[in-house]
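Biologist: Please put the model on screen. I have some short questions about it.

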Amino acid sequence: MASSQLLQRRTGAAPAARGSQAHAALLRPAVSRHTPFTAAPRSAAPVARISRSSWGRRAEPSLLVSVRAAAEDDGRTPDHPYPWEEDYDLLGDKVKAVTDELEKDLKGCNIWLVGMMGSGKSTVGKMLANTLKYTFFDTDSVIELAHDKKPVSQIFAEEGQDYFRQCEAQIIKELSPYRNLVIATGGGAVLRPENWGYMHLGIVCWLNGDVELLARRVAKDGLDKRPLLAEGGAADPQAAARAKLGSLLDERRRFYENADVVVSLEGYGRDAENGAPSPAVMYRLLTAVNEKVQAKKREQAERMNFRIEGAEQLRNMRTMESPAAAAAVQPGGEAAEGPAQAA
Ligand SMILES: Nc1ncnc2c1ncn2[C@@H]1O[C@H](COP(=O)(O)OP(=O)(O)OP(=O)(O)O)[C@@H](O)[C@H]1O
Ligand SMILES: O=C(O)C1=C[C@@H](O)[C@@H](O)[C@H](O)C1
């Protein structure tokens with residue numbers, strides 16, 4: 001398949017270095033292997049989570065109060081949990097704030113979008129890549145390009161679904177070592193376990209919308225673009241799409257649930273019928289990914305937050321256990337004659 005060349009040409013990024021994980025993995029056994037020395041948490045007190053700048057320190061009570069007051073006054077109501085989605089200036093400010101924080105900690109980690117046909121993986125994915133200054137890939141489009149722009153529906157018809165899934169798996173595998181990518185996968189990419197192995201090297205986000213919303217969108221696009229929905233001129237394309245998407249979602253839900261982050265497409269207020277607009281979905285996505293990344297960062301910091309009890313003993317152990325020192329010391333405590341003594 002021509003896709004490997006295509007990927008090499010398009011992404012100049014270097015393969016991911018997973019240095020911090022390797023470091024953490026090295027550290028843990030090294031501390032716990034030596035039984036006399038234990039790694040004890042410095043403090044079990046919960047860390048106040050107020051803002052990035054105060055993270056890791058206890059918040060002043062006054063700050064806590066003002067943060068709580070602000071949170072209560074952000075206009076949320078049970079009917080509309082995201083009121084800022086109706087004010088694009090405010091939404092823009094919020095996107096900027098969360099992006100500024102996330103960019104520092106995401107460190108080029110790839111974002112994989114999974115979800116049913118019509119969930120907006122390509123639409124939102126492009127927007128997200130633009131916001132994060134990442135490169136965008138759509139696995140369906142890469143497959144089409146690698147087949148001289150033959151549409152997915154034609155590849156399905158001529159080569160079969162298994163062949164298509166093989167191409168999809170190959171692209172997922174080839175993209176995974178790179179960094180700074182947003183990748184919109186095909187709706188069925190979640191079905192192959194090996195794809196998860198590669199996608200989980202990054203952060204997997206499920207765009208989760210209800211079947212009615214998805215059916216409306218794909219029917220508007222025309223069902224013939226999506227081979228699993230093409231019904232050969234159904235009288236009511238939306239009803240046909242609803243039935244087919246419903247049964248596919250029943251089969252696939254357990255796979256989508258393996259995602260690291262779930263973003264609802266539900267719209268509120270003026271968006272109740274059409275679902276959340278793409279910038280709003282992107283903001284929900286950025287927020288959810290940021291929460292995940294910040295939680296991981298806190299967890300890693302907690303793991304590093306220990307002191308070694310008996311450090312003095314540890315330093316002395318080198319002298320006691322060193323073969324050269326043992327050979328040099330007589331049972332009575334006197335140094336033996338020979339080279340060791342000279343040393
Ligand atoms: N938030 C949104 N609000 C309204 N329409 C949307 C939204 N997101 C996507 N759409 C529309 O829904 C249709 C499907 O979107 P898109 O192609 O991005 O979905 P997808 O998940 O990539 O689908 P597939 O897996 O079939 O390729 C398009 O017509 C797109 O314009
Ligand atoms: O849900 C699916 O199985 C598919 C979704 C599309 O993105 C394409 O990958 C293809 O039409 C199959």
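**Ligand, helix and strand**

Modeller: Around ligand 1 there are 21 residues, and the closest are Met 117, Gly 120, Lys 121, Ser 122 and Thr 123. A residue counts here if its C-beta atom, placed from the backbone, lies within 6 Å. This is a predicted model: local features need pLDDT of at least 70, side-chain atom pairs count only at pLDDT 80 or more, and totals for chains, interfaces and linings use all residues. Residues are numbered from 1 along each chain as its sequence is written, while chains are lettered from A and ligands numbered from 1 in the order in which they are written.

Biologist: Which element gives the largest share of the shell around ligand 1?
Modeller: Helices (H or I, at least four residues) and strands (E, at least two) are DSSP runs, numbered from the N terminus. Those giving two or more residues to the shell are α5 (121–132), α10 (211–221) and α12 (278–304). The largest share, three residues, comes from α5.

Biologist: Why are the buried residues on the same side of α6?
Modeller: Buried means that 20 or more other C-beta atoms lie within 10 Å of a residue's own, all placed from the backbone. In α6 (residues 139–146), Thr 139, Asp 140, Val 142, Ile 143 and Ala 146 are buried. They sit on the same side of α6 because their arc, taken from the directions from the helix axis to the C-beta atoms, is only 165 degrees.

Biologist: Which residue in β4 stands opposite Ile 111?
Modeller: Ile 111 is buried in strand β2 (residues 111–114). Three bridges join β2 to the parallel strand β4 (residues 181–184); pairing needs at least two. Opposite Ile 111 in β4 stands Val 182.

How values were computed. A residue is buried if 20 or more other C-beta atoms lie within 10 Å of its own, exposed if 12 or fewer, and partly exposed in between; C-beta atoms are placed from the backbone.
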